[in-house]
Amino acid sequence: MTYILGIETSCDETAAAVVKDGCEIISNIVASQAKIHEQYGGVFPEVASRQHILHIIPVLNDALTQAGVELEEVGAVTVTYGPGLAGSLLVGVNVAKALALAKGLPLIGINHLEAHIYANWLQGEEKILFPLLCLIASGGHTNLVLMTGHGEYQPLGQTLDDAAGEAFDKVARLLGLGYPGGPAIQRAAKDGDPAAFDLPRAWLKGSYDFSFSGLKTAVLYLVRGYGTDGKSKAWNEDGDGLPVADLAASFQAAVAEVLVEKTRLAAQGRGARQVLLAGGVAANTLLRQRMRERINVPVLCPSLELCTDNAACVAAVGWFKFQAGERAGWDLDVLPGLKLTSR
Ligand code: KG4
Ligand code: ZN
């Protein structure tokens, strides 16, 4: 039996967790800065790193206290070292190094994208079978990856411009719905008609890549009052009369349709036995529902709080790396542009 301590500070959540044997959450503390960044309509990097400095020690103390575990009892300290915001990542990595050095514990660096995927190992329901197709859709990434074993990844496609979550955040801002945009659009879309606006879908035929910037621009033109014919002005410049619910519903339907269809094609094309969803956008109800309706292999999704950034999934992947003998040196540095590659 091994406890792993996870630390996550790659973006705007300061998080620490204790996980037993890679699959059982003992504690999972997340201090979100969303309220602070809301006024900027997105994450303000300098503010984010300062907030991490303020919160990391209390969050770590809470994670250990709630778990009833002493630092000396953990098998390893695992920490996200990329991708993410450099100043934010630095806080977690340096705290992890200090703890590991002070207590003589192994230190393991974790790729944030891999952590998102391993949130699925914390659900404890269904057995996970390789090869599987994984869709990671978050604020910074949209990747389709074939996973053939633990730590074995074959990248199949990615976004050529905006990430799916980024598109949700930007469109929410255009519609005056606040930050983070995903949950706000999902709420607004409940009262809207997904067929109200025929928004563009970038199919990029023959590739598993994505593009969401055209869709975002189409919403921008509509918000500015131009119809798809480029002429009609249906609402005034202050946005009075803007059909926010219909736009939110039409946008959400367009993103979900492309994500589902590309995931379905990739899963079929590569003979995947399961599909795994990961990242903040995987919390979207319509996306989860459509994936399950359209894909004919089991679709696994993390619980809602494990889709968005947390440290339990860092500790989950950390346990597999710990078992495999992976260790980081004291020269572990942050890698803001880290890619998902096989070990
Ligand atoms: O994985 P995450 O917490 O952080 C990153 O690694 O980026 O993802 C955050 C992103 C944000 O863009 C947010 O708007 C989006 O996930 N998101 C959602 C939903 N909940 C969060 N997008 C669509 N529907 C949701 N329910
Ligand atoms: Zn994330």
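## Helices and two buried residues

A helix, in this report, is a DSSP run of type H or I with at least four residues, and helices are numbered from the N terminus. The model described here is predicted, and every value below should be read with that in mind.

Phe251 lies in helix H8, which covers residues 244-269, and its relative accessibility of 0% counts as buried because the limit for that class is under 20%. The C-alpha atom of Phe251 is separated by 45 Å from that of Gly68, a residue 183 positions away along the chain. Ser88, for its part, belongs to helix H3 and is likewise assigned 0% relative accessibility, so it counts as buried. Between Ser88 and Lys262 there are 32 Å in space, taken from C-alpha to C-alpha, and the two are 174 residues apart in sequence.

## The zinc site

Which protein atoms are the donors of the zinc ion (ligand 2)? They are NE2 of His112, NE2 of His116 and an OD atom of Asp309, and these donors lie 2.0 to 2.1 Å from the metal. Along the chain, the donors follow the spacing H-x3-H-x192-D. His116 lies in helix H4 (residues 112-118), whereas Asp309 sits in the loop between helix H10 (304-307) and helix H11 (312-323), so this pair ties together parts of the chain that are 193 residues apart in sequence.

The site of the zinc ion (ligand 2) has four donor atoms, and the angles among them run from 96 to 133 degrees, which makes the site tetrahedral. That assignment follows because four donors count as tetrahedral when all angles lie between 85 and 135 degrees. For orientation, the ideal angle for four tetrahedral donors is 109.5 degrees. Are these two donor residues buried or exposed? His116 is buried, with a relative accessibility of 2%, and Asp309 is also buried, with a relative accessible area of 13%.

## Surroundings of ligand 1

There are 21 residues around ligand 1, and those that come nearest are His116, Gly139, Asp169, Gly182 and Gly280. His116 therefore appears both in this group and among the protein donors of the zinc ion (ligand 2).

Several polar contacts can be placed on individual residues. An oxygen atom of ligand 1 is 2.8 Å from a polar backbone atom of Gly139, and a backbone N or O atom of Gly182 lies 2.9 Å from an oxygen atom of the ligand. With Asn284 the contact involves the side chain, where an N or O atom is 3.0 Å from a nitrogen atom of ligand 1. On its own, ligand 1 has 550 Å² of accessible area, and the protein covers 90% of it.

## Backbone features in loops

Most residues other than glycine have a negative phi, and most peptide bonds are trans. Against that background, the peptide bond joining Gly82 and Pro83 is cis, with omega at about -10 degrees, and Pro83 is located in the loop between strand E4 (74-82) and helix H3 (86-103). A cis peptide bond also leads from Phe130 to Pro131, with omega near -5 degrees; Pro131 has its place in the loop between H4 and strand E6 (132-137).

Positive phi values are found at Asp21, where phi is near 50 degrees, and at Leu204, where phi is about 45 degrees; neither residue is a glycine. Asp21 is in the loop between strand E2 (13-20) and strand E3 (24-32), and its relative accessibility of 25% counts as partly exposed. Leu204 is in the loop between helix H6 (181-189) and helix H7 (213-223), and at 31% relative accessibility this residue also counts as partly exposed.

## Cysteines

How many disulfides does the model contain? The count comes to zero, where the rule asks for a pair of cysteine sulfur atoms within 2.5 Å. For Cys23, the closest cysteine sulfur is that of Cys313 at 14 Å, which is too far for a bond, and Cys23 counts as partly exposed at 42% relative accessibility. The sulfur of Cys307 has its closest cysteine sulfur in Cys301, 6.8 Å away and therefore also too far for a bond; Cys307 is buried, with a relative accessible area of 0%.

Notes:
Residues numbered from 1 in each chain as written. Chains lettered and ligands numbered in written order. Predicted model: local features only at pLDDT ≥ 70, side-chain atom pairs only at ≥ 80, totals over all residues. Heavy atoms only, no water. Donors = N, O, S within 2.8 Å, 3.2 Å for Na, K, Ca; no water. Tetrahedral: all angles 85-135°; square planar, octahedral: opposite > 155°, others 65-115°. Buried < 20%, exposed > 50% of the residue type's maximum accessible area, 1.4 Å probe, protein only. Near = heavy atom within 4 Å. Polar contact = N/O pair within 3.5 Å; in protein donor to acceptor, adjacent residues only side chain to side chain. Areas by Shrake-Rupley, 256 points an atom, 1.4 Å probe, with all protein chains shown as cover.
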